[in-house]
Amino acid sequence: RTVYLNGDYLPETEARVSIFDRGFLMADGVYEVTSVLDGKLIDFDGHAVRLERSLRELDMDSPVTRDELLAIHRELVARNGITDGMIYLQITRGAPDDRDFVFPDPETTPPTIVLFTQNKPGLADNPAARVGIKVIGIEDQRWGRRDIKTVQLLYPSLGKMMAKKAGADDAWMIEDGMVTEGTSNNAYIVKGGKIITRALSNDILHGITRAAVLRFAREAQMEVEERSFSIDEARAADEAFITSASTFVMPVVELDGQPVGNGQPGPVAARLREIYLDESRKAAI
Ligand code: PMP
């Protein structure tokens, strides 16, 4: 792979980052994942806007403009011959001379920016979308600023491992009895035709796919309710599903070993997936 590091395009084996990088030592950094379908970027602007917000919330400056970022994404797609896949982007607070809790001066310690591609042929034809995924409920033990897309992913990673151990595919995290979100996706249920998903706050990541899916749902006259729901309510729902940039809309057919609805992917999730893929492809750049 050709990757991007601080202004240079390099073979992945030649890209080197300091051991003092605050991303490495302190998870002091933010990231984005943008999908590529048919060689084009899905919702690039949405990801760029969220990245700028994440940086602002952590008092970091972007080392690149939005136009430069777009150019880098496109260059990596071209150099790596990506038709379907993802582009991972990470910006950390850079590498000072020593480990220190105090932020380094950005004048002398510029941020570290890394981008690389992930080739996923047939990304939109994921067979999992036809059978649905199994999810378990776990406690949400993350910090309180989940709206900032930081590289602090240890708990979501542990959650994913708990799911694997339980024979499931993913975990929905629960706080005060209510589902916050999946380990790397937003969570939804459908009851009586109504799409229910937790409202935006600092408790969840403001999914770019979530925003698009809710917009398309409303445009298609589907009813949307942004409010919290419990695992019990989810278990009694007609359908459940998740959204994320790399899974789009993915049905959830089992919760804690119990079927959701009839245990099959539901019609609302299937319709939303179709609309999302159609519309996103049309708007891709
Ligand atoms: N919530 C969490 C915790 C996530 O990590 C992600 C994906 N990174 C999402 C939601 C979905 O966000 P998006 O649709 O922007 O990929």
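In this predicted model, helix H6 and helix H8 (residues 267-283) pack with their axes 10 Å apart, at an angle of about 105°. That makes H6 roughly perpendicular to H8, because angles of 65 to 115 degrees count as roughly perpendicular. H6 also gives the most residues to the shell around the ligand, namely 3. Elsewhere, 6 strands form an open sheet with antiparallel pairing, and a right-handed β-α-β crossover links strand S7 to strand S8 through helix H5.

**Packing of H6 and H8**

- On the H6 side, the contact is made by Ala212, Val213, Phe216 and Ala217.
- On the H8 side, these residues meet Leu272, Ile275, Tyr276, Glu279 and Ser280.
- By class, the residues of the contact of H6 with H8 comprise 7 nonpolar, 1 polar and 1 charged.

**Shell around the ligand**

- There are 13 residues around the ligand, and those that come nearest are Leu205, Gly207, Ile208, Thr209 and Ala245.
- Two elements give two or more residues to this shell: helix H6 (208-219) and strand S13 (239-244).
- H6 gives the most, with 3 residues.
- The shell divides into 7 polar, 4 nonpolar and 2 charged residues.

**The open sheet of 6 strands**

- The strand order is S2-S1-S6-S5-S3-S4, and the pairing is antiparallel.
- Strand S2 (8-11) and strand S4 (40-41) stand at the edges; each has a single partner strand, so one side of each is left without a neighbour in the sheet.
- At the S2 edge, strand S1 (residues 2-5) runs antiparallel to S2 and is joined to it by 4 bridges.
- Leucine 5 has aspartate 8 in S2 as its bridge partner.
- S3 and S5 run antiparallel and are joined by 8 bridges.
- Within that pair, valine 30 has isoleucine 91 in S5 as its bridge partner.
- At the S4 edge, S3 and S4 pair in the antiparallel sense over 2 bridges.
- Valine 36 is the bridge partner of leucine 41 in S4.
- The hairpin formed by S3 and S4 has 2 residues between the strands, and aspartate 38 in its turn has a positive phi of about 55°.

**Helix H2 across the sheet**

- Helix H2 (residues 44-57) lies across three strands: strand S3 (29-37), S4 and strand S5 (85-92).
- The direction of H2 is at about 180° to that of S3. This makes H2 roughly antiparallel to S3, because angles over 145 degrees count as roughly antiparallel.

**Strands S7, S8 and S9**

- Strand S7 (residues 133-139) pairs with strand S8 (residues 170-175) in the parallel sense, over 5 bridges.
- In this pairing, isoleucine 138 stands opposite methionine 173 in S8.
- From S7 the chain crosses through helix H5 (residues 154-165) to S8, and the β-α-β crossover is right-handed.
- S8 also pairs with strand S9 (residues 178-182), here in the antiparallel sense and over 3 bridges.
- Glutamate 175 stands opposite methionine 178 in S9.
- The hairpin of S8 and S9 has 2 residues between the strands, and aspartate 176 in this hairpin takes a positive phi near 50°.

Conventions: Residues numbered from 1 in each chain as written. Predicted model: local features only at pLDDT ≥ 70, side-chain atom pairs only at ≥ 80, totals over all residues. Near = placed C-beta within 6 Å. Nonpolar A, V, L, I, M, F, W, Y, C, P; charged D, E, K, R; others polar. Axes fitted to C-alpha atoms, helices over the stretch in contact; angles between N-to-C directions. Parallel < 35°, antiparallel > 145°, perpendicular 65-115°, else oblique. Contact = placed C-beta atoms within 7 Å. Pairing = 2+ DSSP bridges. Right-handed = clockwise from strand over helix to strand, strands pointing away.
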